[in-house]
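Trainee: Please pick one part of this model and take me through it closely. I care about where its cross-links sit and what they join.

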Amino acid sequence: MFAHLGIFFFLLPGVLAGHVVRNVALKSPAVQSSEKDAAAAGRAVDGNRDPAERSTCTLTQSESGPWWRVDLQDEYKIDAVTITSVDDKKTNLDGVEIWIGISERLNDINNIRCTVISRFPKKRTLYVPCSGFEGRYVTVLLPGASRVLSLCEVEVYPVHFAYPLPNVALKGKASQSSTLSFSDASKAIDGRRNSFYGSGYCSHTAGDETDPWWRVDLQKKFIITTVKVTNRGDCCHERLDGAEIRIGNEPRNNGNNNSRCALITRIGPGKTSTFHCEQGSMAGRFVNILIPGKRKTLTLCEVEVYGAPEANLDDDL
């Protein structure tokens, strides 16, 4: 089922992009602090995240600190939680908190707050990584007086059944330090891993350049978990040795001042290598590949960036 109003697309259940999709919250027992208009807690784990269908969304009374909780019926190391908000002008999820733990009690010291989302757009699905927190219960809490909690869907993905993130580079805009002939920067985000330069699907800077770079502007901030790079296959694969992958939000110096995600030591001819950022997931709008040094040439046959839109998280988390 496609969630056409969510931030990104997703299939459930089944296989997507080679990943097994398992939402352990689906059809699990759920409860909430109160109920209005027969909008029971179980609606948020029914597998339907379409915010236009209000009959599949939960709703509490107006109260102080309303909450919703799902019992996963087993303890899991949780990779991520997604929440889908409603299409309702009278309610909002701004300031909502996600808690994970082994206790049903809200104030139990064994429970850990995964995050606070300070601003939550309406009729959107937000992906929130939870850093492998372990627990049986996932609680959604909306602090404050006279608040109404309404959820269209809550999904929970354990570490071994990770959420299948999309390649967000496909919708980005690419640029590079220079261009050789027809090999403009966009060739590296055209969705093709064809590694033969003569086929016309690879980017290429001018030869013998100092610090050549390539950049994709993702158009918005993402939490990036993985970058895949396909090297040229017909010749010259060693040119990419020593390249740096940089991620961040700083546009100055063409994004090359952003923090380093990973170092490319070697990618074999025509091969695609997967890079996970050295410090874990990184947030950013710009993804750069830079080769430091003189007399360098940068050729990329495909760059894939896997991530989720960044929720507006509180700075103290």
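Mentor: Start with Cys152, which is buried, because its relative accessibility is 0% and the cut-off for buried is under 20%. Keep in mind that the model is predicted. The partner of Cys152 is Cys57, and the two form a disulfide with their sulfur atoms 2.1 Å apart. Cys57 also counts as buried, at 1% relative accessibility. The torsion about the S-S bond is 85°, and the link of Cys57 and Cys152 is right-handed. Now place the two ends. Cys57 lies in the loop between strand 3 (30-32) and strand 4 (67-84), while Cys152 lies in the loop between strand 7 (125-141) and strand 8 (153-158). The two cysteines are 95 residues apart in sequence, so the disulfide ties together distant stretches of the chain.

Stay in the loop that holds Cys57. Pro51 is found in that loop too, between strand 3 and strand 4. Pro51 is buried, with a relative accessible area of 3%. Its C-alpha atom is 8.0 Å from that of Arg124, a residue 73 positions away along the chain.

What links strand 6 to strand 7? A disulfide does, joining Cys114 to Cys130 with an S to S distance of 2.1 Å. Cys114 lies in strand 6 (residues 112-119) and Cys130 in strand 7, so the bond ties together parts that are 16 residues apart in sequence. The torsion here is about -95°, so this disulfide is left-handed. Cys114 is buried at 11% relative accessible area. Cys130 is buried at 1%.

Strand 6 carries a charged contact as well. Arg113 in strand 6 pairs with Glu97 in strand 5, 16 residues apart. The pair is a salt bridge, with the closest N and O atoms 3.5 Å apart. The two ends fall in separate exposure classes. Arg113 is partly exposed, with a relative accessible area of 27%. Glu97 counts as buried, at 11% relative accessibility.

Next, follow the chain past strand 5. Glu104 sits in the loop between strand 5 (96-101) and strand 6, and its partner Arg69 is in strand 4, 35 residues away. Their side chains meet in a salt bridge of 3.5 Å, N to O. Glu104 is partly exposed at 47% relative accessible area, whereas Arg69 is buried at 10%. That is a second acid-base pair joining distant parts of the chain.

Now step back for the wider context. The structure holds five disulfides. Counting the bonded cysteines along the chain, the pattern is 1-4, 2-3, 5-10, 6-7, 8-9. One of the five lies further along: Cys261 and Cys277 form a disulfide, their sulfur atoms 2.2 Å apart. With -95° about the S-S bond, the link of Cys261 and Cys277 is left-handed. Cys261 is in strand 13 (residues 259-264), and Cys277 is in the loop between strand 14 (272-275) and strand 15 (282-290), so the bond ties together parts 16 residues apart in sequence. Cys261 is buried, at 0% relative accessible area. Cys277 counts as buried too, at 8%.

The salt bridges complete the tour. A search of the whole structure finds 13 of them. Among these, Asp208 pairs with Arg295, the closest N and O atoms being 3.7 Å apart. Asp208 lies in the loop between strand 10 (203-204) and strand 11 (213-230), and Arg295 in the loop between strand 15 and strand 16 (299-300), so this contact ties together parts 87 residues apart in sequence. Asp208 is partly exposed at 48%. Arg295 is exposed at 63%. Elsewhere, Glu244, Arg246 and Arg260 belong to one network, joined by salt bridges that share partners.

To recap the part we began with: Cys57 and Cys152 join two loops across 95 residues of sequence. Cys57 is buried, and so is Cys152.

Note on methods. Residues are numbered from 1 along each chain as its sequence is written. This is a predicted model: local features need pLDDT of at least 70, side-chain atom pairs count only at pLDDT 80 or more; totals for chains, interfaces and linings use all residues. Side-chain values use heavy atoms; hydrogens and water are left out. A disulfide is a pair of cysteine sulfur atoms within 2.5 Å. Helices (H or I, at least four residues) and strands (E, at least two) are DSSP runs, numbered from the N terminus. Buried means under 20% relative accessible area, exposed over 50%, partly exposed in between (1.4 Å probe, protein chains only). A salt bridge is a side-chain nitrogen of Lys or Arg within 4 Å of a carboxyl oxygen of Asp or Glu.
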